[in-house]
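Student: I would like to test some labels against their definitions. Please show me the model first.

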Amino acid sequence: MMSPMTGASPHPSPPAAGRILEDRRRTPPASRQAVAGAVVAAVLVAVLTAAMVPVRAHLSVATTALVLGVPVVVGGAGGGFGAGVIATATGFLAYDAVFIPPYYTLSVGAGQNWAALGVYAVVMVVVARLVARAARVREATVSLGADELDSGAEPLGRARRPGR
């Protein structure tokens, strides 16, 4: 139905629909996105490692592992599971070489440090998988929302509570 004042439909399509479609067209192909995610994660490992080295004596092995988990989340979210695994491997090497004695070698002095490295690797691969899956779900939801906006359907995100 047309508005008597403007001659326009009272329910114009939202301008957000066009922006979502433009954003989808600008999204890099998956391979470039994976490489970019891996590179960003590797650089973040280097930056965080460099930031922690001066205070290494005051950090526990667990603290450094948690901090080196951040690049895994960033890599997995930005570049998918492969980028998360690359971030895990990069973090593992930095963790071993810089924060586990003897320093600046890839040898591990104590058995408990092997356990710390093993737990780091397993947990970070699981984190990479979960973050990559969450990123795919988000992308699918955005894509579905754009398709619904294009079709004129009611946009996603209007959940109602039961009984209302």
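What follows is a short exchange on how each label is earned.

Tutor: Keep in mind that this is a predicted model. The chain has 6 helices and 0 strands.

Student: What is the order of the elements from the N terminus on?

Tutor: They run α-α-α-α-α-α. Among contacts between residues at least 6 apart in sequence, 62% join residues at least 24 apart.

Student: How do you know how the span of helix α5 compares with the expected one?

Tutor: Helix α5 covers residues 81–99, 19 residues in all. The expected span takes 1.5 Å times one less than the number of residues. That gives 27 Å for α5. From first C-alpha to last, α5 reaches 25 Å, which is close to the expected value.

Student: Why is Thr-88 called buried?

Tutor: Buried means under 20% relative accessible area. Thr-88 has 5%, so the label holds. Thr-88 sits in helix α5. Other buried residues of α5 include Ala-83, Gly-84, Ala-87 and Gly-91.

Student: Which residues does Thr-88 contact, leaving aside its neighbours within four places in sequence?

Tutor: Thr-88 is in contact with Val-72, Tyr-120, Ala-121, Met-124 and Val-125. Contact here means heavy atoms within 4.5 Å.

Student: And which residues does Tyr-120 contact under that exclusion of neighbours within four places?

Tutor: Tyr-120 is in contact with Ala-65, Leu-68, Gly-69, Val-72, Ala-87, Thr-88, Gly-91, Phe-92 and Tyr-95.

Student: What makes a set of residues a nonpolar core?

Tutor: The members must be buried, of the listed nonpolar types, and joined through side-chain atoms within 4.5 Å. The largest nonpolar core has 18 residues. Leu-68, Val-72, Tyr-95, Phe-99, Ile-100, Leu-117 and Tyr-120 touch the most other members. Helices α2, α5 and α6 each supply at least two residues of this core. Helix α5 gives the most, with 6 residues.

Student: Why is Val-43 called partly exposed?

Tutor: The partly exposed class lies between under 20% and over 50%. Val-43 has 47% relative accessibility, so it falls in that class. Val-43 is in helix α2, residues 30–52.

Student: What makes the nonpolar surface patch that includes Val-43?

Tutor: Val-35, Val-39, Val-43 and Val-47 make this patch of about 340 Å². Patch residues need over 30% relative accessible area. Val-43 has 47%, so it passes that cut-off.

Student: How do you know that Asn-113 is buried?

Tutor: Asn-113 has 8% relative accessibility, and the cut-off is under 20%, so Asn-113 counts as buried. Asn-113 is in helix α6. Not counting residues up to four places away in sequence, Asn-113 touches Val-61, Ile-100, Pro-101 and Val-108.

Student: Why is Tyr-104 called exposed?

Tutor: Exposed means over 50%. Tyr-104 is at 55%, so the label fits. Tyr-104 lies in the loop between α5 and α6.

Student: What is notable about the phi of Tyr-104?

Tutor: Tyr-104 has a positive phi of about 60° although it is not a glycine. Most residues other than glycine have a negative phi.

Student: Where is the cis peptide bond?

Tutor: The cis bond joins Pro-101 and Pro-102, with omega about -5°. Pro-102 is also in the loop between α5 and α6. Most peptide bonds are trans.

Student: How much of the chain is buried?

Tutor: Buried residues make up 27% of the 164 residues. The accessible surface comes to about 10300 Å², of which 68% belongs to carbon and sulfur atoms.

Technical notes:
Residues numbered from 1 in each chain as written. Predicted model: local features only at pLDDT ≥ 70, side-chain atom pairs only at ≥ 80, totals over all residues. Heavy atoms only, no water. Helix = DSSP H or I, 4+ residues; strand = E, 2+ residues; numbered from the N terminus. Buried < 20%, exposed > 50% of the residue type's maximum accessible area, 1.4 Å probe, protein only. Patch = residues over 30% accessible without salt bridge, like charges linked within 9 Å, V, L, I, M, F, W, Y side chains within 5 Å. Areas by Shrake-Rupley, 256 points an atom, 1.4 Å probe, with all protein chains shown as cover. Salt bridge = Lys/Arg side-chain N within 4 Å of Asp/Glu carboxyl O.
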